[in-house]
Every structure is written in structure tokens, then in C-alpha cells.
Amino acid sequence: MGDNHNLSDYEAASEEFSWDDIFAEADWEAPGDLNIAHEVCDRHAADKDRVALYQVSEDGDLTTVPFWQLAEESNQFANLLESMGVERGDRVFSYMPRIPEHYVAMVGTLKRGAVWGSVNERFGPEGIAYRLADCDTSVVLTTTDNRETVAEALEDVPSVEQVITVDRGDGVPDGDIAFGDRLEGAERNYETADTGGDDNALLYYTSGTTGPAKGVLHEHRWIAGVAATQRYTMDIKPGDCYWSTADLGWLTGPINTLGAWFWGATMFTYEGEFDPAEWAELLDEHPITILFSVPTAYRMLRENESLLDDVSLDLRLAGSVGEPLSPGVVTWGEETLGVTILDTYGQTETGNFIINNYPSMEVRPGSMGKPIPGVEAAIVDPDTGEVVEPGETGQIAERPDFPCFFAEYWEKPEKTASCFVDGPDGEWYLSGDLAYRDEDGYFWFEGRADDVIISSGYRIGPFEVESALGEHEAVAEAAVVPKPDPERTNIVKAYVVPSEGYEPSDSLAEDIKTKVKTDLAAHEYPREVEFREEMPKTVTGKIRRTELQDLAQAEAEAGDD
Ligand code: WTA
């Protein structure tokens with residue numbers, strides 16, 4: 001089996017691997033001279049037939065974007081930014097669906113040498129405003145459908161001077177820059193910014209335990225890291241059609257898209273939200289050879305597997321990230337999809353999936369696999385930085401010396417420093433994830449070491465949700481914890497002490513949920529709200545989340561609902 005894969009022998013590849021070999025695959029003299037946009041796009045443009053992106057709209061219309069067109073339109077976008085006064089290093093953020101313009105803007109921003117970030121459309125005005133204001137974003141890119149939400153957010157973001165809007169039928173408001181019109185008038189050539197590996201490139205926000213979300217900064221060298229995973233784990237080859245269901249609003253979107261484009265592969269994307277019937281149809285109609293998603297989506301497909309009965313699949317590989325992939329789903333995938341779903345593990349900070357399964361390596365269902373060649377990972381004692389024995393639980397840790405490792409949390413040096421521990425033979429980055437390693441070096445995920453909640457593959461910080469809950473007039477105190485859930489791994493459960501004068505009721509609970517869902521985010525709101533007379537507290541007055549978490553866990557185990 002092994003010989004026809006890009007990675008034919010895991011052990012040998014790990015021994016021989018050098019990042020220089022990946023940098024050598026770049027067109028420019030990397031890592032000294034390196035610009036992601038050039039490497040993922042322009043150098044493939046000479047082949048006029050090579051397709052960068054197939055996009056299916058919500059109405060089912062197919063748009064084909066060849067690399068030459070992506071190169072040209074991203075040049076135009078870079079020219080537009082320059083004419084607007086966007087300088088190298090300035091932040092440009094998007095809030096928009098999976099439409100071709102979104103991909104053009106991402107590449108164009110990087111060509112300009114500006115920093116690209118994106119906020120997923122699940123976030124509401126509060127979630128958007130925090131992120132844009134935190135990094136003093138200068139430009140926001142959105143669509144007419146989203147314009148009102150963005151307007152509400154921008155009331156709290158003084159740094160944004162200009163909004164670029166894609167017209168989706170309602171007409172671009174006065175004062176905005178109309179994407180289509182302005183691009184049409186822009187010059188088709190652009191001299192890509194002469195950035196190097198250590199220049200800022202991407203800024204994606206992610207949640208932690210304490211405080212609001214943090215911006216995770218990646219530099220242009222990041223592309224070498226993601227290219228390696230796409231080659232070895234996703235086994236990218238010419239002729240592949242690769243559907244990564246991740247949105248550009250999460251780092252997984254750029255990881256797969258830009259990583260695969262580095263090798264000139266073709267991406268597929270669907271504008272609509274997850275829907276098993278729709279997905280089955282797309283898999284039937286389009287020659288998708290690689291599918292990448294989250295365990296929740298695979299579990300929901302399994303729930304509706306009859307939809308796949310008459311589907312003709314072209315899959316040769318499938319991948320998963322974001323939460324534990326249960327062994328039953330792996331077995332189901334082999335039987336129903338005809339491929340072994342490869343579990344991969346990574347974080348916004350590691351910039352990539354770094355502990356993975358590979359098509360040529362024996363898969364142990366339930367295990368996340370082994371570190372990609374070029375990354376040293378271990379299970380360590382977080383207090384001493386010592387590597388623990390096989391079978392013993394500790395924190396997943398990596399040596400912070402690979403290209404796609406993050407540069408810093410945006411303007412939070414103390415937060416950045418707090419992720420590291422000095423071990424007996426060097427520094428480790430601590431992931432906050434608990435796992436053990438078996439005798440043969442496979443990693444097995446056990447849970448979070450902190451209060452971060454993983455739900456449907458989304459990473460949710462309790463602080464942000466609790467703050468949003470606190471904005472509701474009926475909430476005096478709130479605490480959120482993960483409650484185990486068979487489909488979503490966990491749901492967010494909120495315990496709430498009502499304010500004076502408010503009586504607990506189902507309709508009040510609904511009202512609270514709706515407020516958090518619309519103001520903060522559609523994926524972070526508590527799916528359950530339970531009222532309490534008081535919170536369990538420590539002697540110093542801190543809410544004892546662990547006690548609440550035990551309650552939620554016991555409730556889930558009892559199947560109470
Ligand atoms: C969790 C998502 C179990 C983990 C790419 C990590 C996983 C967090 C897996 C990062 C996996 C990711 N099995 N848990 N295969 N992959 N996680 O930054 O807790 O949104 O720390 O990046 O997701 O979430 P983030």
C-alpha cells in the first residue's frame with residue numbers, strides 16, 4: 001500500500017526530514033524571501049487549465065476559478081488595497097461566506113504584504129467588534145447580506161476606516177467600496193510585496209480559558225508547515241479535488257486551502273451550511289477525491305447514512321480535526337465511505353495539524369497518530385517540562401521550532417510566555433491538552449487540562465460566553481461548562497443565578513440563549529441554561545467550575561433531559 005503515497009515510510013521520513021527541503025520547493029529563495037500568495041497562486045498561473053477552486057453556491061450553481069484568474073483578481077485586490085492606503089502589516093479582516101471573492105481577497109491581501117484575518121459568520125456584533133478592535137483592523141471586507149451586522153459591530157471599532165462590500169443584490173451602501181466595480185477598474189498586474197519568512201501574514205482569533213479571545217499571529221514561513229501536512233497527511237497529488245469543509249473564518253480554512261494550493265491542487269468549496277442531504281448530493285455530483293471535516297459532521301452523516309446509498313463516491317482519502325474521532329466513526333467510514341478517516345490534531349497556535357495519521361501508516365482507531373516529520377512532540381509534565389513514561393497522562397507539548405508555529409498572541413507578551421515551560425533538555429510549548437503516548441509512539445487524546453470547551457470541533461472560551469451572559473439583565477451570575485453530548489462531543493451548558501426580581505422560567509432561559517446566540521456567536525451560546533439560587537464558590541470567592549462540570553457530566557451520564 002505504502003509505495004504510492006507521498007509518505008511511504010513514516011519512520012524513514014521522520015529521520016530524513018528537513019524543513020529546507022520544503023522551503024526548496026518554493027519558487028522564491030525561501031525562507032529569506034517568501035510570500036505565501038506568490039507560492040500558492042502565481043507560480044501555477046502559467047498552466048491555463050489548472051483549476052484553483054470549484055465553488056458551489058447555495059443555489060447549486062458552480063463557479064470555476066482557474067489559477068490564472070485567481071492570480072489576476074488577487075493582483076487587482078492588492079492594487080485596490082494599495083490605492084486605499086493600506087500599508088504592509090496593516091490588518092484586513094473578512095466577515096463573509098465561502099464565495100470566490102473571499103479567496104481572491106485572502107490572496108490579494110497577502111500579496112499587498114498586509115495581514116489577513118477573518119471572523120466566521122457565526123459571530124454576532126459583539127464577537128466581531130472585540131476581534132477587530134483588539135488588533136486595530138483598518139479594513140473590513142463583507143457582503144451586503146452581512147452589512148448590518150458589521151455596521152453594528154463597527155460602532156465599537158474606531159480603527160476601521162473603510163469597508164469593502166460585495167454586492168449580493170441589495171446594492172452597496174454609500175460610503176462603502178464596491179468590490180466588483182473597484183476590482184474591475186483595477187490594474188491586473190501587481191508586484192507582490194517582497195516579504196520574508198519572518199514577516200507577519202495571518203491573524204486568527206482563538207479562545208482561551210481566561211479573558212477574551214486572543215489573536216494568534218503567523219508569519220509567511222507558516223506556509224512551509226502547512227504544505228508539509230498537505231503533502232504527507234492529505235497525500236495531495238495532481239488531479240485531486242479536495243473538499244475541505246472548513247470556513248476561511250477558522251485557521252483550518254487557510255491551512256487546507258493555502259497548503260494544498262502550494263502544490264497546485266484543486267479545492268472545492270460549498271457556500272451553504274452543513275446539511276447531510278446536500279453533502280451527499282455534492283459528493284455524488286462532483287469528483288471529490290479528498291474530504292476533510294470535523295467528527296461532528298461525520299457523525300451526522302452516519303446518522304443519515306441512507307442518504308449515501310445511491311451516491312457514487314470518488315473518495316480516496318478523508319481527514320478530520322478539532323475533536324476526538326471515535327473509533328466507531330473510523331469503522332463506519334471504512335464501510336460506508338470506503339476510506340479510513342484520518343484523525344489529525346492541531347491548534348490555531350501550532351498553525352497546522354501536527355499529530356496525525358498517514359495513509360501509509362497503520363491506523364489505531366481512536367488515536368490521533370504521530371507527529372508529522374519535522375515536528376518534535378511529546379507528553380510532558382507541565383510543571384517540570386519532563387517527558388513522562390508511555391501510558392502516563394501529561395500535556396501534549398511541542399518544540400516551538402517549526403515554521404508554522406505561531407509568532408505570538410497579538411500584543412500579549414505575557415500570555416505568549418505563559419505557554420512555555422523549560423524542560424531538562426530545552427523548551428516546550430504546552431498545548432493545554434491532556435493525552436498519553438503508547439509504547440509505539442501513538443498519541444491518545446484524553447481531554448483539556450483547562451476550562452476551554454470543545455463542541456462540534458469549535459474551541460470555546462468560557463470567559464467570553466460568561467461575559468455575554470452577564471449582558472442580559474436577568475443574569476446576576478453565570479458560569480459555563482462542557483456537558484458531554486453524543487453528537488457534538490460537548491455542548492455548552494450555563495448555570496445562571498437570576499437577578500433580583502426575575503423568576504426562573506423556560507421562556508427566560510430561551511431569551512437568554514437567544515441573546516447570546518445573536519450578540520456573541522451562534523456556535524458558542526449555551527444550548528442549556530439551568531437556574532440556581534447560588535454558585536458554588538471557593539473561599540476566595542471564585543466560582544468552582546469543576547463542581548458544576550461534575551454536575552453536568554453526571555447529568556449527561558444519567559441521560560437526563
Ligand atoms: C482540540 C482546531 C481531539 C484540542 C484545529 C485543541 C482535538 C483544540 C483534535 C484546538 C483531535 C483538535 N482530537 N481534540 N484530533 N484536534 N482538538 O485552535 O483541544 O480551534 O487544543 O484548532 O481542539 O482548537 P483550534
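These legends go with close-up views of a predicted model, taking in the ligand site and a pocket.

**View A. Who sits around the ligand.** Eighteen is a lot of names for one panel, so here is the short version: of the 18 residues around the ligand, the nearest are Asp343, Thr344, Thr348, Asp433 and Arg459. By type, the shell splits into six nonpolar, seven polar and five charged residues.

**View B. Polar contacts to the ligand.** Zooming in on side chains, Asp343 has an N or O atom 2.9 Å from a nitrogen atom of the ligand. Oxygen atoms of the ligand get partners too: a polar side-chain atom of Gln347 lies 2.9 Å from one, and a polar side-chain atom of Thr348 lies 2.7 Å from an oxygen atom of the ligand. On its own the ligand has 520 Å² of accessible area, and the protein covers 94% of that.

**View C. Strands behind the ligand shell.** Strand 14 (341–347) and strand 22 (443–448) each put at least two residues into the shell around the ligand. Strand 14 gives the most, with five residues.

**View D. The second largest pocket.** This pocket holds about 380 Å³ of space. It is lined by 20 residues, and those closest to its centre are Thr209, Lys214, Cys419, Arg448 and Asp450.

**View E. What the lining of that pocket is made of.** Strand 21 (residues 426–437) brings the largest share of the lining of the second largest pocket, four residues. Sorted by type, the lining of this pocket comes out as six nonpolar, eight polar and six charged residues.

Conventions
Residues numbered from 1 in each chain as written. Predicted model: local features only at pLDDT ≥ 70, side-chain atom pairs only at ≥ 80, totals over all residues. Heavy atoms only, no water. 1 Å grid on protein atoms, 1.4 Å probe; cavity = no way out; pocket = protein on both sides within 12 Å on 5 of 7 lines; lining within 4 Å. Points joined across faces, edges and corners; volume = space filled by probe spheres on them. Nonpolar A, V, L, I, M, F, W, Y, C, P; charged D, E, K, R; others polar. Near = heavy atom within 4 Å. Polar contact = N/O pair within 3.5 Å; in protein donor to acceptor, adjacent residues only side chain to side chain. Areas by Shrake-Rupley, 256 points an atom, 1.4 Å probe, with all protein chains shown as cover.
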